[in-house]
Amino acid sequence: MFFDGDRQRGYVKTGWNEFGFEDVFARFKADTSVSEESKDFIASRVFNHRIFSREWDARYGNPPDPMLIRP
């Protein structure tokens with residue numbers, strides 16, 4: 001599933017993964033509609049430790065989720 005949108009509407013579509021995490025990181029960094037402070041919050045508090053976020057956490061230095069660490 002792909003989630004996207006703008007100020008007027010949001011949408012979801014299904015399909016093959018047409019982009020990779022590097023594309024997502026580049027778009028996130030280039031987005032000027034969100035302040036850098038908000039991006040830091042999103043990177044460290046919203047996207048951290050999600051099922052899709054291993055690459056995200058590594059990129060932004062989020063600590064590992066203790067619930068996911070196996071002894």
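**Reading a predicted chain: surface, pocket and salt bridges**

Q: Which residues form a nonpolar patch on the surface, and how should such a patch be read?
A: In this predicted model, Met-1, Phe-3 and Val-12 form a nonpolar surface patch with about 370 Å² of accessible area together. Patches are made of residues with over 30% relative accessible area and no salt bridge, like charges being joined within 9 Å and nonpolar side chains (Val, Leu, Ile, Met, Phe, Trp, Tyr) within 5 Å; the areas come from the Shrake-Rupley method with a 1.4 Å probe, and for residues only the protein chains shown count as cover. Val-12 lies in strand 2 and is partly exposed, with a relative accessible area of 44%, where buried means under 20%, exposed over 50% and partly exposed in between (1.4 Å probe, protein chains only).

Q: What should I know about numbering and confidence?
A: Residues are numbered from 1 along each chain as its sequence is written, and side-chain values use heavy atoms, with hydrogens and water left out. Because the model is predicted, local features need pLDDT of at least 70 and side-chain atom pairs count only at pLDDT 80 or more, while totals for chains, interfaces and linings use all residues.

Q: Which pattern of helices and strands does the chain follow?
A: Helices (H or I, at least four residues) and strands (E, at least two) are DSSP runs, numbered from the N terminus. Here the chain has three helices and two strands, in the pattern β-β-α-α-α along the sequence, and buried residues make up 15% of its 71 residues.

Q: How many salt bridges does the structure hold?
A: Side chains of opposite charge can pair when their charged atoms come close. A salt bridge is a side-chain nitrogen of Lys or Arg within 4 Å of a carboxyl oxygen of Asp or Glu, and the structure holds two. In one of them, Arg-59 pairs with Glu-22, the closest N and O atoms being 2.6 Å apart; Arg-59 lies in helix 3 and Glu-22 in helix 1, so the pair ties together parts that are 37 residues apart in sequence. Glu-36 and Lys-39 also meet in a salt bridge (3.3 Å, N to O), and, being three residues apart in helix 2, they are separated by about one helical turn.

Q: Is each partner of the Glu-36 and Lys-39 pair buried or exposed?
A: Glu-36 counts as exposed at 53% relative accessibility, whereas Lys-39 is buried, with a relative accessible area of 4%.
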